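Please find below a short note on the model under review, set out as numbered points for discussion.

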Amino acid sequence: MKQETAIRLILLGLAMSAVGALAVITTFIMKEGLPVIFRHGLGSFLFGTEWQPNAEPARFGVFAMIVGSAAVTGGALVIGVPVGLGSAIFLSEFAPRRVVTFFKPAIELLAGIPSVVFGFMGMLVLLPFIREHIGGRGASVLAGSIILGIMILPTVIAISVDALRAVPRSYREGSFALGATGWQTTWRVTLPAARAGIVAAVILGMGRAIGETMAVIMVTGNSVQIPRSPLDAVRTLTSNIALEMSYADGEHREALFATGVVLFVIIMCLNTLANAIARVGKRD
Amino acid sequence: MNAIIEARGFGVSYGGSAVLRGVDLAIRRNKITAIIGPAGSGKTTFLRCINRLSDLAPGLGVTGGLSLDGRDVYATETDVADLRRRAGMVFAVPIPLPRSVYENVVFGPKLLGVRSRAKLDEIVERTLRAAVLWEEVKDRLNVSGLKLSGGQQQRLCLARTLALEPQVLLLDEPCSGLDPISTAKIEEAMQDLKSSLTVVLVTNNVKQAARASDRTAFFLMGELVEEGPTADIFTSPRDSRTNDYIVGRFG
């Protein structure tokens, strides 16, 4: 019995370490970031459009970065969700098994490519293409959206496929037996039944897009400005931290932590939302 | 003789092994034909071939002929969706779609483009009455079909199939999970329906075949042993294996 208890305690400790890491990170970010937000005022921090850490007095407004993150993430969803959902429907409903056994590992491999490689490809291929054929200087919201749209595909596809596969076979058979074609069955029965899981897939894809840093730095130009067109350069919240942390000190450093607080809150909200929706879906 | 479904030397193989062999069977119009036989005898497979739900199983091959109302079921020009409307199926496990009672019934008609609310209302009331369910659900047509009891769900599935106005009703062990009262209601509905359509009833319950059907076919290990009027099959079967099965000696 003593051994049982010991093993249980060890396993509990191991399980706690993940939660513990979260607790340490949360405390640290909050402790470092919150004071500067309150010193300058929450409103002027969130909605200020000037980010001048070296001016006298320094100005820390992250609104342009929030807009930048939102623009790039929104663009990524516009590109990634239709492609990802289409692939998921193909893989779960229409593809022959042989095709699936080839596609699924390929998509998983896409998830394993380091983000710096995505950024590199973006710089070498995408930016010149945009510059020459569409306009602007290349590094832009558009470029970030395309790269992120591709990067969220594995998340969107994998979770959507799981959601579609979880729809009981009997629903599809019932629909076919009532004279529905393959697509009518997918559109009217399978997709509505998998709705909650698909929404969760989109939200988790969104979380991935917001949190991505390296690839975004390499293709979005990083100027602190509110973009007027998809061809304008932007800086995201994550880029802001990564670009300036190496040389920041004092209040500037605290302001970068505060940027992290904003990110942290956004991502926490998205995860909670995804969990809540998944739970609602299970109850149906 | 007035057959609506005709199988001639009909065989099915699945992944190379034969599931049905050389079935010659004519199913008569406006009769209830029960198909009985032990598990694995191929009776459900036969049923699922009539509306080609068998297509959903990859690796399934058919030989011989099978026709519905004079039209070859497996002809390349067969419109499968139309075939499934002509031969409506009710499954062993009641599976309403995850939507309201009303929407379950009008699913088929809506696919055909019926939009008129009055027409849809009429279909819902008529088919739910035919399925002996109307009185129980008329005040809650908007609740989810999944909220009904098992017996009610099965009658809902019957109603939504009737909404297709099929020529043939394929019932795949429709009462296997139901209590005696729900079973009686389904059997009552079948008797009322046979004036307007043909019923093929696959059942594991020999007593149900005896009390509810006009004709009975006995399948064993992928072959049709015999078919005839239910009274004859149950009192004086020609094949001793039929007798053994009916009295419960095996299966």
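The points that follow take chain A, a helix pair within it, and the contact with chain B in turn.

1. This is a predicted model, in which local features need pLDDT of at least 70 and side-chain atom pairs count only at pLDDT 80 or more, while totals for chains, interfaces and linings use all residues. Residues are numbered from 1 along each chain as its sequence is written, with chains lettered from A and ligands numbered from 1 in the order in which they are written.

2. Chain A holds 13 helices and two strands (DSSP runs, H or I of at least four residues for helices and E of at least two for strands, numbered from the N terminus), and its C-alpha trace spans about 75 × 70 × 30 Å along the principal axes. Of the 284 residues in chain A, 39% are buried (20 or more other C-beta atoms within 10 Å of the residue's own, C-beta atoms being placed from the backbone).

3. Where contacts in chain A (C-beta atoms, placed from the backbone, within 7 Å) join residues at least 6 apart in sequence, 74% of them link residues at least 24 apart.

4. The axes of α4 (residues 97-112) and α7 (residues 153-165) of chain A, as lines fitted to C-alpha atoms over the stretch in contact, come within 8 Å and cross at roughly 140°, on a scale from 0 to 180 degrees between N-to-C directions. α4(A) is therefore oblique to α7(A) (neither under 35, over 145, nor 65 to 115 degrees).

5. Ile107(A), Glu108(A), Leu110(A) and Ala111(A) of α4(A) meet Leu153(A), Pro154(A) and Ile157(A) of α7(A).

6. Between the chains, 17 residues of chain B are in contact with 15 residues of chain A; on the chain B side, α2 (80-86) and α3 (101-111) are the elements giving two or more residues.

Key
Contact = placed C-beta atoms within 7 Å. Buried ≥ 20, exposed ≤ 12 C-beta atoms within 10 Å, placed from the backbone.
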